[in-house]
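Me: Got a minute to walk through this fold with me? I'd like to start with the sheet and then move on to the annotated site.

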Amino acid sequence: MLVTLEGLDGSGKTTVWEALHDTYPDATFTREPTESWYGEAVDRAIADDDADPLAELFLFIADHADHLSRVVRPALADGDLVISDRYSDSRYAYQGATLAGEVKRPMEYIRGVHQPFTHPPDVTIYLDVDPRTAMQRSGATNKFEQSKYLTEVRQNYEQLMEWQPERFVRVDATQSPEGVLDDVEDVLERLLDAE
Ligand SMILES: Nc1ncnc2c1ncn2[C@@H]1O[C@H](COP(=O)(O)OP(=O)(O)O)[C@@H](O)[C@H]1O
Ligand SMILES: Cc1cn([C@H]2C[C@H](O)[C@@H](COP(=O)(O)OP(=O)(O)O)O2)c(=O)[nH]c1=O
């Protein structure tokens, strides 16, 4: 089963993802951007305020393609529980915002590029936090962590949840870290029991 964690920068994804290592020691833990050379190229784009948004999208997608073939598909083929800190929805929400005005219907466009080759998550846990809190927590260290931009990203996540309500579980990420982790663990326990 493929479970992804999504949300704004500072929503607490990495904190939860790290804590889940203890709960599910046999799971495959992974993340996007990855640590491959494709991921390093992505990191360069993130650090470049003048990166072309379309070129940046395709770097993220290249990293995703490599991630799928090298990590996600083999782990799923072995029957593993795979838990990814960010995945394709980050592209739909974030690049959906950077490409507004560059291409028509950017979220539909980006989903269309993924559709022929991606492996969609079975469940996506959305850590819901307002952009202000997200920015306070993340320290607004990169170009994506700006209030107006994160507001658009959040709207895009809301749109994705409207399109596919069955895939998403929303968790209130303004709670304490312990409260957030309890909710996420409850979700995972129910899912794995139902398998
Ligand atoms: N529920 C929470 N309440 C308050 N602070 C949190 C919470 N979860 C995480 N943090 C803190 O916020 C910062 C960003 O958390 P992190 O897990 O890295 O978020 P993300 O991976 O979503 O960017 C870290 O300093 C972390 O300790
Ligand atoms: C995976 C991914 C990340 N991003 C952005 C979100 C983050 O601002 C940045 C780096 O991701 P990440 O390292 O997960 O940041 P954080 O832990 O702060 O959430 O890249 C995209 O814009 N598109 C994507 O597809």
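**The sheet and the site**

Reply: Sure. There's an open sheet of five strands, with parallel pairing and the order β2-β3-β1-β4-β5. Keep in mind that this is a predicted model.

Me: Which are the edge strands?

Reply: β2 (28-31) and β5 (168-172), each of which pairs on one side only.

Me: And by how many degrees are neighbouring strands turned against each other on average?

Reply: The average is 20 degrees, ignoring direction.

Me: Let's zoom in on β2. Over how many bridges does β2 pair with β3?

Reply: Four bridges, in the parallel sense, with β3 covering residues 82-85. Within that pairing, Thr-28 sits opposite Val-82 of β3.

Me: What about helices on the sheet, say α3: which strands does α3 touch?

Reply: Helix α3 (residues 53-77) packs on the sheet and touches β1, β2 and β3. The direction of α3 makes about 155 degrees with that of β2.

Me: Same thing for α7, which strands does that helix touch?

Reply: Helix α7 (residues 147-163) also packs on the sheet, with contacts to β1, β4 (123-128) and β5. Against the direction of β4, the angle of α7 is about 145 degrees.

Me: Switching topic: which residues does UniProt list for "binding site"?

Reply: The unreviewed UniProt entry gives Gly-7, Leu-8, Asp-9, Gly-10, Ser-11, Gly-12, Lys-13 and Thr-14.

Me: Which of this set are in the lining of the largest pocket?

Reply: Asp-9, Gly-10, Ser-11, Gly-12, Lys-13 and Thr-14 are part of that lining.

Me: Where does Gly-10 lie?

Reply: In the loop between β1 (2-7) and α1 (13-23). Ser-11 has its place in the loop between β1 and α1 too.

Me: Is Ser-11 buried or exposed?

Reply: Ser-11 has a relative accessibility of 2%, so it counts as buried. Gly-10, on the other hand, has a relative accessible area of 22% and is therefore partly exposed. The cut-off for buried is under 20%.

Me: OK, and what is Gly-10 in contact with, leaving aside neighbours within four places in sequence?

Reply: Ala-134, Arg-137 and Ser-138.

Me: Now Ser-11, what does that residue touch, not counting residues up to four places away?

Reply: Leu-127, Val-129, Arg-137 and Ala-173. So Arg-137 turns up again, as a contact of Gly-10 and of Ser-11.

Me: One last thing: what lies 2.7 Å from a polar atom of the side chain of Ser-11?

Reply: That's the backbone oxygen of Leu-8. Leu-8 is itself on the UniProt "binding site" list, as is Ser-11.

Conventions. Residues numbered from 1 in each chain as written. Chains lettered and ligands numbered in written order. Predicted model: local features only at pLDDT ≥ 70, side-chain atom pairs only at ≥ 80, totals over all residues. Heavy atoms only, no water. UniProt positions renumbered as here; feature names shortened; annotations may be inferred. 1 Å grid on protein atoms, 1.4 Å probe; cavity = no way out; pocket = protein on both sides within 12 Å on 5 of 7 lines; lining within 4 Å. Helix = DSSP H or I, 4+ residues; strand = E, 2+ residues; numbered from the N terminus. Buried < 20%, exposed > 50% of the residue type's maximum accessible area, 1.4 Å probe, protein only. Contact = heavy atoms within 4.5 Å. Polar contact = N/O pair within 3.5 Å; in protein donor to acceptor, adjacent residues only side chain to side chain. Pairing = 2+ DSSP bridges. Axes fitted to C-alpha atoms, helices over the stretch in contact; angles between N-to-C directions.
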